[in-house]
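Open the model in your viewer and keep the selection panel at hand. Each stop below says what to pick and what is there.

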Amino acid sequence: MSALPHPFAPETLSNPAPFYAAVHAHAPVFPVEGMPVTYVAGYDALVDVLGRVEDFSNDFGTILSGKRNADPDVKAILDTGWPAVDTLLTADPPVHTRFRKLVNLAFSMKRVDAIEADIRAIAVRLLEAMLDKAAGGRAVDFVAEFAVPLPVAVIASQIGMDATTDVATVKRWSDAFVDRLGQMIPKARELECAREVVEFQHHAKALIDARRARPTDDLLSDLVHASVDGEKPLDDAEIMSILQQLMVAGNETTTSTLAGGLLLLIENPAELLKVRADRSLIPNMVEEMLRLESPTSGLWRMVKRDTEVAGVPVRAGTMLMARFAAANRDPTRFPDPDRFDVTRPNARSHLAFGRGIHMCVGNMLSRKELVVAFQEILDRVGEMALAPGAVLEWKPNMLLRGLSALPVCLERARVPA
Ligand code: HEM
């Protein structure tokens, strides 16, 4: 693999498609130079890894959070809140099993269907405001105007906050959690993030208490009252940990799919025409966007015992990089993998949401948000183009991929639906 660039080099992260193509041609599973990490890019190998929970652990919380709580000043602030608990993403069975059963109850299809009208109302409000700003050919940033606020407002309204006024607060908290995971922040920001975390926890406590006293028709209420035979209901710290994950896992990723998805439509006018002509293609188009964008590019697994992946030996104590984004461009599974094809027959078999026991608990919610958003976009937006001189930049991140901004010119559709 020495002829290939390093998988985590900034150039690879900002333009990964050629790297993924080279990896599939040479070695879909390989040890990363200079790191105790094996990179898993092949589709079948990744499905195998995601199913082997007895060999590969999700207990990577300490890696994600780096020197979490180690600084005494940071710890002093966090001690005024509730303890961090590993609940879903960073827990293994049997701990994971209990949380997942309880959280599945809150994320039912029934709940997601009930939220649809709410999602549509938020999407229409944001789109109309953005189209007003875009009048007369003015450039607007689709990320700031639509892709960020939509999922944040949906989650805000589902945890009992006001979808209009509290979006900035939820985004501020969500950014604090994301920054803490990034491990690269200066001490002043670490202290600020710790204060944000505690502020969020106190706010969440009030919302949780209110729902304990009087259930309401939202996701937080479902979480507070979730009970499965024989399982202890969730306590305050556990609910807070889950809410944190919903904010972090749900916002960035859906934002990135919305922005990357719109860019795919702009760059592929023939595919845009196909969905304009046949709206029933929208759900499949969304799956194809998820496949190509794969906003959670990859996540870690800890190797629990000496074993192998697709014939490549892996040692206990090392890590795997489960590369969802690479598997989604495996040519043995997806012919002509870099092509955006809204009619691709197996688009939905992508691994953008993972697979197995940790498969994204928010996948139904996210899919609903994406389908509703693109239905409204196709109804309300006519001509769409990149703003003249627009420079596209993706946020530098080993695990998450997304556009920092998407400057576009959008025309209101001539015949409103
Ligand atoms: C396009 C949007 C999204 C993408 C690409 C995505 C991706 C993923 C992936 C790949 C995993 C599997 C992690 C693993 O195997 O270790 C995951 C898990 C998870 N996702 Fe998502 N996600 C999205 C949206 C959401 C939303 C909207 C929510 C909630 C509001 C959410 C909450 C979670 C949680 C809590 C987990 C952990 C589940 C577990 O460990 O049992 N995600 N997500």
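Start with Phe56: its bridge partner in E5 is Val303. The model is a predicted one.

**Stop 1: the five-stranded sheet**

Select E3 and E5, residues 299–303. Two bridges join this antiparallel pair. Now add the other strands. The sheet is open, and its five strands follow the order E1-E2-E8-E5-E3. Its pairing is mixed. Which strands form the edges? They are E1 (29–31) and E3 (56–57), each of which pairs on one side only.

Next, show helix H3, residues 43–51. H3 packs on this sheet and touches E1, E2 (37–40), E3, E5 and E8 (319–322). Align the view along E8: the direction of H3 makes about 125 degrees with that of E8.

**Stop 2: the three-stranded sheet**

Move to E4, E10 and E9. These three strands form an open sheet in the order E4-E10-E9, with antiparallel pairing. The edges are E4 (140–141) and E9 (381–386), and each pairs on one side only.

Take the E4 side. Two bridges link E4 to E10, residues 407–412, and the two strands run antiparallel. Select Val140: Val408 in E10 stands opposite.

Then take the E9 side. How many bridges join E9 to E10? Four do, and this pair is antiparallel as well. Pick Val381 to find its bridge partner in E10, Arg412.

While side chains are on display, a general point helps. In a regular strand, side chains alternate between the two faces of the sheet.

**Stop 3: H7 against H9**

Select helix H7 (109–133) and helix H9 (149–158). Their axes come within 10 Å and cross at roughly 140 degrees. H7 is therefore oblique to H9. The crossing of H7 past H9 is right-handed.

Show the contact residues as sticks:

- From H7: Ile115, Asp118, Ile119, Ile122, Ala123 and Leu126.
- From H9: Pro149, Leu150, Ala153, Val154, Ser157 and Gln158.

Colour them by class. The contact of H7 with H9 has nine nonpolar residues, two polar and one charged.

**Stop 4: H11 against H13**

Now pick helix H11, residues 187–213, together with H13. The two pack at an angle of about 115 degrees, with their axes 10 Å apart. That angle makes H11 roughly perpendicular to H13. H11 passes H13 in a right-handed crossing.

Which residues meet here? Gln201, Ala204, Lys205 and Ile208 come from H11. Facing them in H13 are Asp236, Ile239, Met240 and Leu243. By class, the contact of H11 with H13 splits into five nonpolar, one polar and two charged residues.

**Stop 5: the ligand shell**

Keep H13 on screen and add the ligand. There are 25 residues around the ligand. Gly250, Thr253, Gly354, Cys360 and Gly362 come nearest, so label these five.

Next, colour the shell by element. Helix H13 (236–267) and helix H17 (363–380) are the elements that give two or more residues. Which of the elements supplies the largest share? H13 does, with seven residues.

Finish by colouring the shell by class. The residues around the ligand comprise 13 nonpolar, eleven polar and one charged.

Key:
Residues are numbered from 1 along each chain as its sequence is written. This is a predicted model: local features need pLDDT of at least 70, side-chain atom pairs count only at pLDDT 80 or more; totals for chains, interfaces and linings use all residues. Two strands pair if DSSP finds at least two bridges between them. Axes are lines fitted to C-alpha atoms, for helices over the stretch in contact, and angles run from 0 to 180 degrees between N-to-C directions. Angles under 35 degrees count as roughly parallel, over 145 as roughly antiparallel, 65 to 115 as roughly perpendicular and the rest as oblique. A crossing is left-handed if the near helix is turned anticlockwise from the far one by less than a right angle, and right-handed if clockwise. Two residues are in contact if their C-beta atoms, placed from the backbone, lie within 7 Å. Ala, Val, Leu, Ile, Met, Phe, Trp, Tyr, Cys and Pro count as nonpolar, Asp, Glu, Lys and Arg as charged, and the others, Gly among them, as polar. A residue is near a molecule or strand if its C-beta atom, placed from the backbone, lies within 6 Å of it.
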